[in-house]
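Hi everyone, thanks for coming. Today I'd like to walk you through a structure that is probably new to most of you, so please have a look at it first.

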Amino acid sequence: MKIFASTSQSIIFYILFALAYYLLGVGLTAFAFNSQIVPIWLPAGIALVGCYIWWWRFIPPLFAAAIAFNLNIFDNSAHEIMLVGNTFTQAIYIALGVIIQAMVGAAILRYWLGNPLYFRKRKYIAYFIAVVAVLVSLLSSNIGVFALSNFNPLYSIEDHWLHVIYWWLGDILGVLIASPFLLSLLPKAPGQRKVLAFETIAVCSILFISVALTAQIYERENSKNTIKIAEREVEVIENSLYRYINQSIIAVQSLASQVQSSPEFNEQDFYASANKLLEKHSFIKALSWNVQITQAQRQTLSNTMSTIYRQNINIVGDPLEDDDPLVVVKYIAPLESNQKAVGFNVYSNPDRKTSLQNPAIKYLPISTKIIQLVQTKTPTPAYLLFAPV
């Protein structure tokens, strides 16, 4: 296909097309309206025109540009969940899909329809849109998303067809806008009638800008609505959290008052009171009675607790300071799921110690920050609420 006046001119455009595929891809993803959609994928049109002009000779630079684009974009943390690959294998699959789609579309143009700017029959315009832009664009989207859905952990198979549609629509617009735009920029081959290059470029540019702005406006409105919904959800969660915290404070103060008012408060009394509170407040994981002793009383308490539980109970957790007291979990309910915490020196943990040293604990319950519980087999985030007795 004779388009360029010289070999050197052909080589220059050959290189420019490959660079344009990569640079436009990077630019479009950099200005993507959200992390999932690029509404117009112009590189699809570049790939089609490149294969239409140079045929199979354009495959090597197109393959290299597609590989480089996918691997480069994934390195940018701002676009980690774009429709691109995150491994070399995925990038190869996506690049092959790009090449197959471009070659099939180029073959239809070269051997049937001809140059989109010089169609012999008006109906070829409809064929170009329906076959080359719409049907052929299904190839890259299906192959690429197949690779992502099967090899990329960021994607689930449930979203496969949604991602195919995103990719497909972007390629359709990219082919319809970029193909005539690029062909109008190229030198006119001998024997071809004059084409209105400026008008073609202007129409394609206006179409691109219109679609891009429409997509951006829609995305902004969608983002606003999403933020409003999220804010309402946060308020619901916040109110629920406050309600649970207030109920937790009431439960802890209730148990502390019973211990405080009954000098003979024993194991049976504790479990009777604690179990009633746990039945009423199912969100509370455990209630415990922690006793404060000196380091010299450590063995005595260990012996007492061994008698209570009819097994050897050791005080676990060394003091952080030489003169620190020990604050030991003596009783805890429910016992079955929290037995590992029995005998634990709460004061041996800096976060727990800081809460217990808070001067305000004399007047109201004090909580720790989010911590990991010692009694669970797997790390479980929670907070402790201390009330003085």
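**A walk through the model**

Let's start on the outside: Ile-11, Ile-12, Ile-15, Leu-16, Leu-19 and Leu-23 make a nonpolar surface patch of about 570 Å². Before I go on, please keep in mind that this is a predicted model. Back to the patch, and to one of its members, Leu-23, which sits in helix H1, residues 7–30. Is Leu-23 buried or exposed? It is exposed, because its relative accessible area is 53%, and the cut-off for exposed is over 50%.

Staying in helix H1, we also find Ser-10 there. Ser-10 has a relative accessibility of 17%, so it counts as buried. Which residues does Ser-10 touch, if we skip those up to four places away in sequence? The answer is Phe-4 and Trp-54. So helix H1 holds Leu-23, which is exposed, and also Ser-10, which is buried.

Now let me zoom out to the whole chain. The protein chain has 389 residues, and 41% of them count as buried. Its secondary structure comes to twelve helices and six strands. About 21,600 Å² of the protein chain is exposed, and 61% of that is supplied by carbon and sulfur atoms. What about contacts along the sequence? Take the contacts with a separation of 6 or more: 65% of them are between residues 24 or more positions apart.

Next, a pair of helices. As a bit of background, two packed helices are described by the angle between their axes and the distance between the axes. Our pair is helix H4, residues 88–113, and helix H6, residues 137–151. Their axes come within 7 Å and cross at roughly 170°. How do H4 and H6 run relative to each other, roughly parallel or roughly antiparallel? With that angle, H4 and H6 are roughly antiparallel to each other, since angles over 145 degrees count that way.

And who meets whom there? On the H4 side, the residues include Tyr-93, Ile-94, Val-98, Ile-100 and Val-104. On the H6 side, they include Leu-138, Leu-139, Ile-143, Phe-146, Leu-148 and Phe-151. Glycine takes part too, with Gly-97 in H4 and Gly-144 in H6 among the residues that meet.

Let's move on to charges. How many salt bridges does a search of the whole structure find? It finds three, and I'll take them one by one.

The salt bridge between the side chains of Asp-318 and Arg-298 has an N to O distance of 3.6 Å. Asp-318 is in the loop between helix H10 (298–309) and strand S2 (326–333), while Arg-298 is in helix H10, so this pair ties together parts that are 20 residues apart in sequence. Asp-318 is exposed, with a relative accessible area of 55%, whereas Arg-298, at 23%, counts as partly exposed.

In the next salt bridge, Asp-324 pairs with Lys-353, and their closest N and O atoms are 2.7 Å apart. Why does this pair tie together parts that are 29 residues apart in sequence? Because Asp-324 lies in the loop between H10 and S2, and Lys-353 lies in helix H12, residues 350–356. Both Asp-324 and Lys-353 are buried; for Lys-353 the relative accessible area is 10%. Apart from neighbours within four places in sequence, Lys-353 is in contact with Leu-320, Glu-321, Asp-324, Val-346 and Tyr-347. So the list of contacts includes Asp-324, its salt-bridge partner.

The remaining salt bridge joins the side chains of Lys-369 and Asp-351, at 3.6 Å from N to O. This pair links distant parts of the chain, 18 residues apart: Lys-369 is in the loop between strand S3 (366–367) and strand S4 (371–372), and Asp-351 is in helix H12. Lys-369 counts as exposed at 54% relative accessibility, and Asp-351 is partly exposed at 29%.

One last stop: Leu-335, in helix H11, residues 335–338. Its relative accessibility is 22%, so Leu-335 counts as partly exposed. Which residues is Leu-335 in contact with, leaving aside neighbours within four places in sequence? They are Tyr-271, Tyr-309 and Val-342. And along the chain, Leu-335 and Ser-288 are 47 residues apart, with 9.5 Å between their C-alpha atoms.

That's my tour, thanks for listening!

Note on methods
Residues are numbered from 1 along each chain as its sequence is written. This is a predicted model: local features need pLDDT of at least 70, side-chain atom pairs count only at pLDDT 80 or more; totals for chains, interfaces and linings use all residues. Side-chain values use heavy atoms; hydrogens and water are left out. Helices (H or I, at least four residues) and strands (E, at least two) are DSSP runs, numbered from the N terminus. Buried means under 20% relative accessible area, exposed over 50%, partly exposed in between (1.4 Å probe, protein chains only). Contact means heavy atoms within 4.5 Å. Accessible areas come from the Shrake-Rupley method with a 1.4 Å probe; for residues, only the protein chains shown count as cover. Patches are made of residues with over 30% relative accessible area and no salt bridge: like charges are joined within 9 Å, nonpolar side chains (Val, Leu, Ile, Met, Phe, Trp, Tyr) within 5 Å. A salt bridge is a side-chain nitrogen of Lys or Arg within 4 Å of a carboxyl oxygen of Asp or Glu. Axes are lines fitted to C-alpha atoms, for helices over the stretch in contact, and angles run from 0 to 180 degrees between N-to-C directions. Angles under 35 degrees count as roughly parallel, over 145 as roughly antiparallel, 65 to 115 as roughly perpendicular and the rest as oblique.
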